Amino acid sequence: MRAASSPVPAAVLAAPSSASVVKPLPRAAASNGAVSAGRRDVLAGTGLAALLLALGPACGAARAADEEYVSETKEVIGKVRSTISMDKSDPNVADAVAELRELSNSWVAKYRREKSLLGRPSFREMYSALNAVSGHYISFGPTAPIPAKRRARILEEMDTAEKALLRGR
C-alpha cells in the first residue's frame, strides 16, 4: 500500500469489487455503426499531431540550448588557442590566463551537469583540453609556457572537439 500522502486516492488503491470492474466491449459491439477509434487510429490521426504539438516547444528549447552550447564552446576554444599561443614575455599573459580560467570554470560548471552532453565527443575532448590547460597553469603559474608535447595534445583535442561540434556531436 502507498503512504497517505500519495496522489492516488485510497479508493483506487483498494482491492476492486466485482461491481467496479469495467470490462471493455467487443470492438463490433462498441461501434454500433459509429466509428471506433483504436490505438492505431488515434496515433495515425489527431493523437500523433497532438503529441508533436506538445513536444514542439520542448524540441525548440533543446535546439536553442544546443546552439548556446555550440557557441559557448567555440568561444572557449578561441580563448584557449589565443591564450596558449601568447609569448611568455607578453605582459598580458597573466591577465589572459586569469580570463581563460574564469571562462573555462564557468563553461565546465554550466555543462558538466547536463546529462545530454556527457556522452558527446565534443564535450569529452573540450573537457580534457580545459583540464590539461587549467592543471598546467595551476601547477606552474600563469606565466609558465606550456610544453610543446602538451600543447600539441591540447590543440589536437580542441580540433577534434571543433569537428565534433560541426557534426552536431
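This is a chat about the helices of one predicted protein model and a few residues in them.

Me: What should I know before I start looking?
Reply: It's a predicted model, where local features need pLDDT of at least 70, side-chain atom pairs count only at pLDDT 80 or more, and totals for chains, interfaces and linings use all residues. Residues are numbered from 1 along each chain as its sequence is written, and side-chain values use heavy atoms, with hydrogens and water left out.

Me: OK, how many helices and strands does the protein have?
Reply: Eight helices and zero strands. Helices (H or I, at least four residues) and strands (E, at least two) are DSSP runs, numbered from the N terminus.

Me: And how much of the protein is buried?
Reply: 25% of its 169 residues. Buried means under 20% relative accessible area, exposed means over 50%, and partly exposed is in between (1.4 Å probe, protein chains only).

Me: How do people describe two packed helices?
Reply: By the angle between their axes and the distance between the axes. Axes are lines fitted to C-alpha atoms, for helices over the stretch in contact, and angles run from 0 to 180 degrees between N-to-C directions.

Me: So how do α7 and α8 pack?
Reply: Their axes are 8 Å apart, at an angle of about 155°. That makes α7 roughly antiparallel to α8. The cut-offs go like this: under 35 degrees is roughly parallel, over 145 roughly antiparallel, 65 to 115 roughly perpendicular, and the rest oblique.

Me: Which residues meet there?
Reply: Among them are Met126, Ser128 and Ala129 in α7, and Glu157, Met158 and Ala164 in α8. By class, the residues of this contact divide into 11 nonpolar, four polar and four charged. Here Ala, Val, Leu, Ile, Met, Phe, Trp, Tyr, Cys and Pro count as nonpolar, Asp, Glu, Lys and Arg as charged, and the others, Gly among them, as polar.

Me: Tell me about Glu157. Is it buried or exposed?
Reply: Glu157 counts as buried, at 10% relative accessibility. You'll find Glu157 in helix α8, residues 148-166.

Me: What does its side chain do?
Reply: The side chains of Glu157 and Ser128 are joined by a polar contact of 2.8 Å. A polar contact is a pair of N or O atoms within 3.5 Å; within protein, one must be able to donate a hydrogen and the other to accept it, and residues adjacent in sequence count only if both atoms are side-chain atoms.

Me: Switching topic: how do α5 and α7 cross?
Reply: The axes of α5 (residues 93-111) and α7 (residues 121-140) come within 11 Å and cross at roughly 140°. That makes α5 oblique to α7. This contact has 12 nonpolar, two polar and one charged residues.

Me: What's Phe123 up to in α7?
Reply: Phe123 is buried, with a relative accessible area of 6%. Leaving aside neighbours within four places in sequence, its contacts include Tyr69, Trp107 and Tyr111. Contact means heavy atoms within 4.5 Å.

Me: Last one: where is Ile77, and what does it touch?
Reply: Ile77 is in helix α4, residues 46-84, and counts as buried at 0% relative accessibility. Not counting residues up to four places away in sequence, Ile77 touches Met126, Met158, Glu162 and Leu165. Ile77 and Met158 are 81 residues apart in sequence and 6.5 Å apart in space, C-alpha to C-alpha.
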